[in-house]
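Work through the exercises below with the sequence and the 3D view side by side. Try each task before reading its solution.

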Amino acid sequence: MSSPSFKAAQRVSTIKHHMMSSTSTPAPEKTSDEAPVLFKSDGSLRAYILNRPDKLNALNEPMLRLLRSKIEEWSKGDLPGVIVGTGVGRAFCSGGDVATVVEEAANPDTLAHAIDFFRLEYETDYILAAMPKPYVAIMDGITMGGGVGLSIQAPFRIATENTLFAMPETKIGFCPDVGASYFLSRLDGQLGTYIGLTGTFLKGRAVYEHGFATHFVPARRIAGLLERLAALEHPTYAQIDSTIDECRAEQQQRELSTPLSGPVRAALDAAFAHDTAEAIVAALEDLARDSAHEPVRAWARETLDALALRSPTSLKVALAAVRRGRRMSLLEALQMEMNLATAFCHGVTPDFRTGVQAVLVAKAKSRPAWSPASLAEVSDDFVAKEFFSTYSPEQDTAPALQPPAWLAETTKLVNPMLYALPTEEDIGRMVAGSHNQSGSTQITLEELLAKFAELKKGKEGVREKILDVVARRCTTEGDKRSPAQYLKWIH
């Protein structure tokens with residue numbers, strides 16, 4: 001579907017107003033023929049603007065077709081530049097329009113159309129991840145589900161104080177998708193498993209601290225940042241990174257803002273390392289009862305309460321998908337999720353329809369009437385067969401994702417953590433001496449901090465993250481020939 005043309009003066013003015021706003025962008029004045037996705041070209045900048053603020057920019061089929069068409073056009077073009085994604089109103093993108101999908105899936109005449117929505121969404125997500133142009137996703141406001149899919153593989157992901165981030169699919173009887181089985185399985189420790197199963201929200205700076213965003217920029221500075229990006233000539237990834245970093249807050253924080261740190265984080269990693277939902281619940285029950293730390297006991301109780309509200313079937317499917325996704329490429333993970341979405345649309349479980357009706361339509365606060373109602377009633381064999389075996393392109397029971405031919409040779413994606421805070425894996429390899437920048441098999445805390453300060457070019461939050469990781473994952477040992485205390489990684 002081709003994008004509609006702009007009415008010259010009126011549209012330029014509207015989009016300029018949007019791009020120059022200082023916080024979550026207000027909706028431009030609507031006209032009868034205004035598109036749900038707007039596009040802007042300004043110097044080196046090519047921007048898409050999700051423009052459905054009354055629905056929190058939830059993605060529907062027309063939006064995805066508009067977006068995909070323009071992204072492909074920009075990606076294949078010879079003009080150097082940077083692609084930016086943003087949204088009108090108080091959301092970047094709150095997810096997909098699953099209420100419509102559920103209604104279509106319930107009707108045999110429109111079932112195929114419901115399934116095709118997911119195919120279009122996942123292929124668009126892959127194009128954004130693999131396109132050969134720098135991509136900046138501005139997650140200013142609500143960023144959930146489908147919005148995460150549009151942004152999470154971007155080399156540059158900007159959080160602001162307005163960012164509200166979540167993968168809440170288990171709340172509606174579905175499972176984390178849009179590549180979640182790939183990216184959640186690659187986060188530090190078991191954070192991804194926790195986020196995927198509980199649907200917990202992260203706010204503001206915590207989105208950056210946990211690696212979902214690569215940068216944290218105050219919302220009032222986004223307009224100026226866009227101007228600076230537009231002014232870059234032949235922008236390189238390094239130039240874009242430094243340009244974004246220069247727009248960070250003047251006052252840097254001296255400690256992590258996330259509650260998921262210290263003993264709570266250690267407890268999270270231990271509890272969610274199990275490979276069955278039942279074992280995770282049992283571990284949380286032990287922590288809620290026996291932990292020596294009150295914050296850990298409180299976190300465990302809250303987490304148990306959250307899991308008790310989720311679809312038992314969705315919890316088991318989500319956990320299995322995240323574990324499998326660890327061994328897959330992004331495209332393989334998206335195909336697995338396409339198979340899962342097909343199973344949900346075919347009604348393998350009634351929970352998808354039940355959850356959407358209860359949570360999104362009726363906005364009920366109580367637990368939806370899940371069926372089965374408990375984890376014990378959901379057979380692991382049923383999950384493996386009905387969700388992970390029955391539907392696939394090989395059996396001609398699910399669509400095959402088909403990226404465009406011009407991406408067919410793309411096998412190596414830009415590492416989405418390249419410009420983020422250092423990962424625990426990076427820190428562990430530096431401590432163990434296996435990092436390509438180590439230079440030694442022994443390192444002190446001061447040396448470790450100096451190494452990453454240099455590697456990350458003074459990036460905000462590096463010191464605070466390393467201190468938290470070292471406190472949880474390292475011990476120290478002395479050397480008879482030196483008073484220095486060297487770090488030892490706890491595996």
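**Exercise 1: A turn at Leu56**

Leu56 sits in the loop between strand 2 and helix 2 (61–76). Helices (H or I, at least four residues) and strands (E, at least two) are DSSP runs, numbered from the N terminus. This is a predicted model: local features need pLDDT of at least 70, side-chain atom pairs count only at pLDDT 80 or more, and totals for chains, interfaces and linings use all residues. Residues are numbered from 1 along each chain as its sequence is written, and side-chain values use heavy atoms, with hydrogens and water left out.

*Task.* Find the phi of Leu56 and state how exposed the residue is.

*Solution.* Start with the backbone. Leu56 has a positive phi of about 55°, although it is not a glycine. Next, take the relative accessible area of Leu56: 22%. Buried means under 20%, exposed over 50%, and partly exposed in between (1.4 Å probe, protein chains only). Leu56 is therefore partly exposed.

**Exercise 2: A second positive phi**

*Task.* Place Asp396 and decide: buried or exposed?

*Solution.* Asp396 lies in the loop between helix 17 and helix 18 (424–432). Its phi is near 60°, a positive value in a residue other than glycine. The relative accessible area of Asp396 is 71%, so this residue is exposed.

**Exercise 3: Reading the sheet**

*Task.* Give the strand order of the open sheet, then name its edge strands.

*Solution.* Six strands line up as 1-2-3-5-7-10, with mixed pairing. Two strands pair if DSSP finds at least two bridges between them. The edges are strand 1 (37–42) and strand 10 (215–216), each pairing on one side only. Now look at one pair. Strand 1 and strand 2 (residues 45–50) run antiparallel and are joined by six bridges. In strand 2, Leu50 is the bridge partner of Val37.

Then add the helix. Helix 10 (residues 237–245) packs on the sheet and touches strand 3 (82–87), strand 5 (135–139), strand 7 and strand 10. Contact means heavy atoms within 4.5 Å. The direction of helix 10 makes about 10° with that of strand 7. For such angles, axes are lines fitted to C-alpha atoms, for helices over the stretch in contact, and angles run from 0 to 180 degrees between N-to-C directions. Finally, list the buried residues of helix 10: Ile240, Asp241, Thr243, Ile244 and Asp245.

**Exercise 4: Contacts of Glu161**

*Task.* Which residues does Glu161 touch, beyond those up to four places away in sequence?

*Solution.* First, locate Glu161 in the loop between strand 7 (156–159) and strand 8 (164–166). It touches Gly204, Phe216, Val217, Pro218 and Ala219. Then check for polar atoms. The backbone nitrogen of Ala219 lies 3.1 Å from a polar atom of the Glu161 side chain. Glu161 is partly exposed because its relative accessible area is 43%.

**Exercise 5: A buried arginine**

*Task.* Why does Arg119 count as buried?

*Solution.* Arg119 is found in helix 4. Its relative accessibility is 18%, so Arg119 counts as buried. Outside its sequence neighbours up to four places away, Arg119 touches Arg65, Arg68, Met338, Pro399 and Leu401.

**Exercise 6: How far to trust it**

*Task.* What is the average pLDDT of the protein chain?

*Solution.* The average is 91, and 92% of the residues score at least 70. pLDDT is the predictor's confidence in each residue, from 0 to 100. Over residues 1–33 the pLDDT is below 50. Where pLDDT is low, the predicted coordinates should not be read in detail.

Conventions. Polar contact = N/O pair within 3.5 Å; in protein donor to acceptor, adjacent residues only side chain to side chain.
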